[in-house]
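Got the viewer open? Load the model, pick a cartoon view with side chains on demand, and follow along.

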Amino acid sequence: MGWYRMVAKPALFALPPEAAHLLAQRLLVLPLPWERLGGCARDPVLRTSLAGLDLANPIALAAGFDKSGRHLGPLGRLGFGYVVGGTFTRRPRRGNPRPRIVRYRERASMTNAMGLPNPGAEVVARHLAITPRTSPRLASVADEAVEDVIGTHGLLEPHVDGVELNASCPNVSWGRDRDNEAHLAALLRELGARRSTPLFVKLPPFRRDVEREVVLALARIAVEGGADGLTCSNTRSVREPRLSTGQGGLSGRALFDRTPEIVSEVVAATGRAVPVAACGGVSSGADALACLDAGASTVQVYTALIYRGPGVVGELTSGLASALGARRLDDARPP
Ligand SMILES: Cc1cc2nc3c(=O)[nH]c(=O)nc-3n(C[C@H](O)[C@H](O)[C@H](O)COP(=O)(O)O)c2cc1C
């Protein structure tokens with residue numbers, strides 16, 4: 001997408017990351033031709049479903065881009081198969097002190113320590129109520145106390161098509177310091193009877209064996225607890241002295257080498273019981289295809305949208321449509 005690379009990206013990247021993000025969100029409220037800027041391929045070969053939700057394509061926007069619930073309308077118009085807003089908490093959160101995002105331009109990656117800033121579930125519910133539903137949408141939800149998650153879920157569920165529990169944020173204490181397994185099991189137990197839309201659980205990534213065992217155990221607990229799908233994965237925890245917290249979550253291309261493998265391990269560990277959304281450094285149609293081949297049903301992206309602009313939706317969907325279309329032709333050919 002020439003205009004983004006030549007004009008918008010240099011202007012946005014001249015600003016500190018959070019100022020650029022704020023500006024991008026201001027632009028999103030303008031009545032621009034977002035469908036055309038996204039350039040999404042409309043090809044029946046891309047149609048799919050996720051836990052009962054019909055999707056025009058499997059490419060989705062990951063949580064964290066819209067933390068207020070006000071921009072999901074234009075973001076959906078870019079052509080994403082679904083969009084995830086949040087993470088939202090029951091009460092407003094300011095997040096961690098700044099600086100809390102660092103870019104690595106040469107690797108098309110970044111590290112963030114946002115700490116889940118958001119206006120709180122009541123305000124978000126009001127935003128969602130007046131934000132047009134231009135694509136299926138999920139609300140990402142997390143909190144320290146189970147009753148707060150239940151409260152947020154109750155307030156937001158009427159305005160979304162499903163909820164993604166963020167069981168994996170590296171930037172808040174409850175992601176690391178408490179018994180994640182018990183917390184997740186309790187959440188699923190409590191939400192089980194109350195919910196009327198699909199429930200997804202977003203897991204952390206893993207590299208070393210010990211992390212792998214923890215994440216696969218969480219995946220099994222999620223499935224046994226009745227989750228309708230899993231998202232693999234959130235950012236990877238790394239040290240970054242330029243952040244106020246000294247550490248944060250790595251996202252973008254630097255993550256991709258592990259993503260298909262994580263997906264296939266989670267798919268195997270859960271016996272294909274529920275669909276898996278791949279997430280982590282996907283930035284091309286070939287990356288997305290590798291995730292689908294590893295067993296993912298959909299593919300979420302965030303950092304590629306920052307580095308490539310809205311046209312990334314068109315690049316990913318048309319790359320995927322060509323590859324899937326060519327495979328269908330091959331399959332149809334007589335041996
Ligand atoms: C600035 C920033 C904020 C994020 N905030 C959230 C969040 O609030 N909740 C969440 O589940 N994931 C959050 N993420 C993680 C993304 O949803 C995604 O899992 C991760 O960035 C890996 O995908 P990517 O490489 O395509 O960006 C955030 C990522 C970034 C870069």
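Start with the rings: searching the whole of this predicted model turns up three aromatic pairs. Select W3 and Y4 for one of them, an edge-to-face pair with 5.8 Å from centre to centre and 90° between the planes. Now colour by accessibility. Is Y4 buried or exposed? Y4 has 6% relative accessibility, so it falls under the 20% cut-off and counts as buried. W3 comes out at 36%, which makes it partly exposed, since that value sits between 20% and 50%.

Next, select F65 and Y302. This aromatic pair is edge-to-face as well, at 5.7 Å centre to centre and with 65° between the planes. Where do the two rings sit in the chain? F65 is in the loop between β3 (59-61) and α4 (72-77), while Y302 is in the loop between β14 (298-301) and α11 (303-308). The pair therefore ties together parts that are 237 residues apart in sequence. Check the accessibility colours again here: both F65 and Y302 are buried.

Time for some backbone. Hide the side chains and bring up β5, β6, β12 and β11, which in that order make an open sheet of four strands with antiparallel pairing. Which strands stand at the edges? They are β5 (101-104) and β11 (236-239); each has a single partner strand, so one side of each is left without a neighbour in the sheet. Turn the view until you look across the strands, and you can follow the twist: ignoring direction, neighbouring strands of this sheet are turned by 35° against each other on average.

Zoom in on the β11 end. Here β11 pairs with β12 (residues 247-252) in the antiparallel sense, over four bridges. To see one bridge up close, select S237 and look for its partner in β12, which is G249.

Last stop: empty space. Run a cavity search over the whole structure and two cavities of 30 Å³ or more come up. Go to the second largest, with a volume of about 90 Å³. How many residues line it? There are 13, and the ones to select for a view of the middle are P205, L255, R258, T259 and I262, which lie nearest the cavity's centre. Colour the lining by class and you get six nonpolar, four polar and three charged residues.

Note on methods:
Residues numbered from 1 in each chain as written. Predicted model: local features only at pLDDT ≥ 70, side-chain atom pairs only at ≥ 80, totals over all residues. Heavy atoms only, no water. 1 Å grid on protein atoms, 1.4 Å probe; cavity = no way out; pocket = protein on both sides within 12 Å on 5 of 7 lines; lining within 4 Å. Points joined across faces, edges and corners; volume = space filled by probe spheres on them. Nonpolar A, V, L, I, M, F, W, Y, C, P; charged D, E, K, R; others polar. Pairing = 2+ DSSP bridges. Helix = DSSP H or I, 4+ residues; strand = E, 2+ residues; numbered from the N terminus. Axes fitted to C-alpha atoms, helices over the stretch in contact; angles between N-to-C directions. Phe/Tyr/Trp six-rings, centres within 6.5 Å; stacked < 30°, edge-to-face > 60°. Buried < 20%, exposed > 50% of the residue type's maximum accessible area, 1.4 Å probe, protein only.
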